[in-house]
Amino acid sequence: MDHRVAIYPGSFDPLTNGHLDLIERGSSIFEHLLVGVLRNPEKDPLFSLSERCEMLVEMTSRYKNVSVEAFDGLLADYARHKKARVILRGIRAISDYEYELQMALMNRKLDPKLETVFMMPAEKYSYLSSRLIKEIFRLGGSVRGLVPKIVEQRLHEKVGQPNPQIAQPNSRVRKKK
Ligand code: PNS
């Protein structure tokens with residue numbers, strides 16, 4: 001076990017600027033930060049595992065102490081396998097706390113040597129989530145400045161350019177006379 005190695009696990013479906021903010025913060029504290037991308041077929045991700053990893057690799061290449069890897073199964077087993085002692089997680093609002101506390105304590109139960117360290121992203125990303133990004137994009141809203149350019153481009157390729165004119169809530173239906 002090495003306390004200088006931290007794992008930052010997640011689904012990253014897709015990567016947001018909030019995730020990148022946390023990666024930058026984590027990389028400045030830990031000697032090595034391993035971004036663990038969960039293979040989560042049951043969550044039916046929008047982006048495949050390799051697409052999520054590709055985007056992360058591209059966006060983290062400037063950090064020499066950050067690497068990206070896919071993982072399967074229990075996070076606690078993966079951390080043990082990687083000889084990492086720390087799990088890094090981001091907390092945005094107090095609403096994240098309950099779920100994160102539950103996971104941190106469960107991971108500690110599975111491996112008492114494993115510590116979870118929480119960090120806060122910049123306030124400007126505190127309302128950001130991958131789920132909201134997908135929803136906003138699908139409904140024709142702008143995600144500019146919330147995700148890296150490469151993610152925006154991949155969203156266009158995957159989802160297409162939604163037409164915000166369709167199903168306008170205020171569009172009037174002309175009645176036949
Ligand atoms: O980005 P997410 O979806 O919030 O990340 C959740 C993640 C990947 C950290 C969590 O689902 C996880 O650790 N999954 C691996 C399986 C596991 O260990 N489950 C028990 C957690 S206590």
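1. Let's start with where the ligand sits. In this predicted model, the ligand takes up the space of the largest pocket. Two elements each give two or more residues to the shell around the ligand: strand 1 (2-10) and helix 4 (94-110).

2. Next, the shell itself. There are 14 residues around the ligand, and the closest are Ser 11, Lys 43, Gly 73, Leu 75 and Arg 89. Helix 4 supplies the largest share, four residues. Sorted by class, the shell comes out as eight nonpolar, four polar and two charged residues.

3. Which residues are worth pulling up on screen for contacts with ligand oxygen? Ser 11 puts a polar side-chain atom 2.6 Å from an oxygen atom of the ligand. Lys 43 has a side-chain N or O atom 2.8 Å from a ligand oxygen atom. With Leu 75 the backbone does the job: one of its N or O atoms lies 2.8 Å from an oxygen atom of the ligand. On its own the ligand has 550 Å² of accessible area, and the protein covers 78% of that.

4. Now the pocket as a whole. The volume of the largest pocket is about 1100 Å³. Its lining runs to 40 residues, and the closest to the pocket centre are Gly 10, Ser 11, Lys 43, Arg 89 and Tyr 99. Ser 11, Lys 43 and Arg 89 will look familiar, as they are also among the closest residues to the ligand.

5. What builds the lining? The elements that give two or more residues to it are strand 1, helix 1 (17-29), strand 4 (84-90), helix 4 and helix 5 (130-138). Helix 4 gives the most, with eight residues. By class, the lining has 18 nonpolar, 12 polar and 10 charged residues.

6. One stretch of backbone deserves a second look: the loop between strand 1 and helix 1, where Phe 12 is found. Phe 12 is not a glycine, yet it has a positive phi of about 50 degrees. Pro 14 is found in that loop too, between strand 1 and helix 1. The peptide bond leading from Asp 13 into Pro 14 is cis, with omega near 0 degrees.

7. Why flag those two spots? Because most residues other than glycine have a negative phi, and most peptide bonds are trans. When you go through the model, then, check the positive phi at Phe 12 and the cis bond from Asp 13 to Pro 14.

Terms used:
Residues are numbered from 1 along each chain as its sequence is written. This is a predicted model: local features need pLDDT of at least 70, side-chain atom pairs count only at pLDDT 80 or more; totals for chains, interfaces and linings use all residues. Side-chain values use heavy atoms; hydrogens and water are left out. A residue is near a molecule or strand if one of its heavy atoms lies within 4 Å of it. A polar contact is a pair of N or O atoms within 3.5 Å; within protein, one must be able to donate a hydrogen and the other to accept it, and residues adjacent in sequence count only if both atoms are side-chain atoms. Accessible areas come from the Shrake-Rupley method with a 1.4 Å probe; for residues, only the protein chains shown count as cover. On a 1 Å grid over the protein atoms alone, a cavity is a set of points where a 1.4 Å probe fits but cannot get out, and a pocket is an open set with protein on both sides within 12 Å along at least five of seven lines; lining residues have an atom within 4 Å of a point. A molecule sits in a cavity or pocket if more than half of its atoms lie within 2 Å of its grid points. Ala, Val, Leu, Ile, Met, Phe, Trp, Tyr, Cys and Pro count as nonpolar, Asp, Glu, Lys and Arg as charged, and the others, Gly among them, as polar. Grid points are joined across faces, edges and corners, and a volume is the space filled by probe spheres set on the points.
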